[in-house]
Amino acid sequence: MSDFYNKFPSTTKEEWLSHVEKELKGRSVKESLHKTHPIEEIDYSSYGFIEDLTHLPSQPGEGDFSRGGHINNNDWLNTVLLPLDTPKNMNNYALKFLMNGATGLKIDLQKFSVKEIEELTKDIGFEHIHTTFHYSLKEQWEWLNQLTKNKKLNITAVNTGEENFGLIKNAKNRLIKAIDVQYAGGNVIQEIAYALHLGHEALFDFMKNGMTIDEAASQLKFQFGIGSNYLFEITKFRVFRALFNVIVNEYKPKNKTSALPSIEAETGFLNKSLKDPHNNLLRQTTEALSAVLGGVDELTIRAYNDWSNDSLEEKEKAQRLGVNIALLLKEESYADKVIDPAGGSYILENLFQKLYTKAWECFLKVEKEGLSFLNKEIQRVAQKRIQLIEKEEAVLIGVNKYYNEEKITTSWMITETTPFGQPLILEKDCKIEK
């Protein structure tokens, strides 16, 4: 038996803090290593000790699932959103990206007929990938029900129309878009609370219509955004799983894994700059890594210029780079090989405790007061983001620091809306004078 660890003497918390005080040369530990995040509105420290933890995490795949549900590896789906186009062009796009590393697709069936859908989906092996379909017509619903007769397919089917045709068999039928909070400029606490609120509401609706809690939970997929606040983003996914576990277990599921939510993480546009594409790629890389370390099931790295007037060719090039980021995290960084790579970090566990408490409090307030309360809070945080950037109290390279002076013809074209208003993009919405 090796005595490797015995060669290193243990250090008490008091000894460590005393040594750090000396190294700081006059500055206090509190002044240097304790911070308050202005957007997340949480006090946190840059160090941690096991004796300070009140939440001791269980093993991956067990307990409150804060450490995720992966027990063999940390693999995830690499998903690509197909741009709206003709069925033939969408099919070509899908096949091209599936051949280049994508393992999931998001497809909007628009108003396509069954014949057009067949053209769109030609030669796509749905048995080998995960697919999210958005549909709105009865013939599309019927086509999807034929497709999902194969129970082995991994399908999410979202009805975006006004008419209710019933559920698609053997598929997840409810997409909870927590990402709308990030789009609108909210913080991670609000995003967790919104996901919990909509998720709880959906569970109640399904059970009211005769489902068990196990059946109801199997209908849900949660879509989160990924921001640039690295440690908070990693912790966000851990906290959400733990809190969703609390809600589901109140209804006494027969299967413990019913309390393990299916999570997709998608990069957003809040901090992107059309004048600075290389910085966009760096931001997407750290965002993607935080989602992967947080244990998501599905990762969608959007083309950073998706919400711009760039040509389809330029957007496809940016999407290819996005898929490459995910592939590099797997094939070169091996982030898919280690179960819960962030496990054992006392800093993350301390942050977990703070986010857990505040997110649950926010959720209870939303449950009691409704979404009008959350909407006001999100708008307040969004305005704070703008003010911090405009005053240069927060630095965003390419937006309020180190501008790219090169003139470009690309501009933002925001067509999406959220329940909280139009998405916020700091490059577009800030009034910054050079």
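Author: Helices, as runs of at least four residues in DSSP state H or I, and strands, as E runs of at least two, are numbered here from the N terminus. The model is a predicted one, and labels such as H11 or S9 refer to those runs.

Reader: With that numbering settled, which element gives the most to the lining of the largest pocket?

Author: Helix H11 does, with 5 residues, and it spans residues 312–331. Elements that each supply at least two lining residues also include helix H3 (87–98) and the strands S4 (104–108), S5 (130–135), S6 (154–159), S7 (174–177), S8 (220–226) and S9 (263–267).

Reader: How much space lies in this pocket, and which residues are the closest to its centre?

Author: The largest pocket holds about 1100 Å³ of space; 36 residues line it, and those closest to its centre are Leu81, Leu82, Leu84, Arg302 and Glu416. By chemical class the lining has 13 nonpolar, 10 polar and 13 charged residues.

Reader: How should the second largest pocket be read, and which residues are the closest to its centre?

Author: Its volume is about 490 Å³, and of its 29 lining residues Ile39, Ser228, Asn229, Leu270 and Arg385 are the closest to the centre. Two or more lining residues come from each of H7, helix H10 (277–293) and helix H13 (371–390), with H13 giving the largest share, 3 residues. Here the lining divides into 13 nonpolar, 9 polar and 7 charged residues.

Reader: Turning to the interior, what should one look for in a nonpolar core, and which of its residues touch the most other members?

Author: In soluble globular proteins, nonpolar side chains tend to be buried together. In this model the largest nonpolar core has 63 residues, and Leu203, Phe240 and Leu299 are the ones that touch the most other members. Helix H7 (residues 188–208) contributes the largest share of this core, 11 residues. Beyond its neighbours within four places in sequence, phenylalanine 240 contacts Ile192, Ala195, Leu196, Phe222, Phe224, Pro261 and Ile263. Another core, of 29 residues, lies apart from that one, and includes Val80, Ala94, Tyr135 and Leu153.

Reader: Val80 recalls the strands, so to speak; how many bridges join S3 to S4?

Author: Strand S3 (residues 77–81) runs parallel to S4 and is joined to it by 3 bridges, with valine 80 standing opposite leucine 105 of S4. Of the 5 residues in S4, 4 are buried.

Reader: And S9: which of its residues point one way, and which the other?

Author: Ile263, Ala265 and Thr267 point to one side of the strand, whereas Glu264 and Glu266 point to the other, and all of them are buried. S9 also pairs with S8 in the parallel sense, over 5 bridges, and isoleucine 226 faces threonine 267 of S9.

Reader: For a helix, which elements cover the buried residues of H5?

Author: Helix H5 (residues 138–147) has Gln140, Trp141, Trp143, Leu144, Asn145 and Leu147 buried, and the elements covering its buried residues include helix H4 (114–120), S5 and S6.

Reader: Loops deserve the same care; is serine 66 buried or exposed?

Author: The cut-off for buried is under 20% relative accessible area. Serine 66, in the loop between strand S2 (42–45) and S3, counts as buried because its relative accessibility is 2%. Residues up to four places away in sequence set aside, serine 66 touches His55, Pro57, Arg238, Arg241, Ala242 and Phe352.

Proline 423, in the loop between H13 and helix H14 (426–429), is likewise buried, with a relative accessible area of 1%. Neighbours within four places aside, proline 423 contacts Tyr183, Trp307, Ile414, Glu416, Thr417, Thr418, Lys428 and Asp429. The C-alpha atoms of proline 423 and glycine 268 lie 9.8 Å apart, although 155 residues separate the two along the chain.

Reader: Finally, where does tyrosine 402 lie, and what is its phi?

Author: Tyrosine 402 lies in the loop between H13 and H14, and has a positive phi of about 55 degrees although it is not a glycine. Tyrosine 402 counts as exposed because its relative accessibility is 62%. Glutamate 392, also located in the loop between H13 and H14, has a positive phi near 60 degrees, and counts as partly exposed at 42% relative accessibility.

Conventions: Residues are numbered from 1 along each chain as its sequence is written. This is a predicted model: local features need pLDDT of at least 70, side-chain atom pairs count only at pLDDT 80 or more; totals for chains, interfaces and linings use all residues. Side-chain values use heavy atoms; hydrogens and water are left out. A nonpolar core is a set of buried Ala, Val, Leu, Ile, Met, Phe, Trp, Tyr and Cys residues joined through side-chain atoms within 4.5 Å. Buried means under 20% relative accessible area, exposed over 50%, partly exposed in between (1.4 Å probe, protein chains only). Contact means heavy atoms within 4.5 Å. On a 1 Å grid over the protein atoms alone, a cavity is a set of points where a 1.4 Å probe fits but cannot get out, and a pocket is an open set with protein on both sides within 12 Å along at least five of seven lines; lining residues have an atom within 4 Å of a point. Grid points are joined across faces, edges and corners, and a volume is the space filled by probe spheres set on the points. Ala, Val, Leu, Ile, Met, Phe, Trp, Tyr, Cys and Pro count as nonpolar, Asp, Glu, Lys and Arg as charged, and the others, Gly among them, as polar. Two strands pair if DSSP finds at least two bridges between them.
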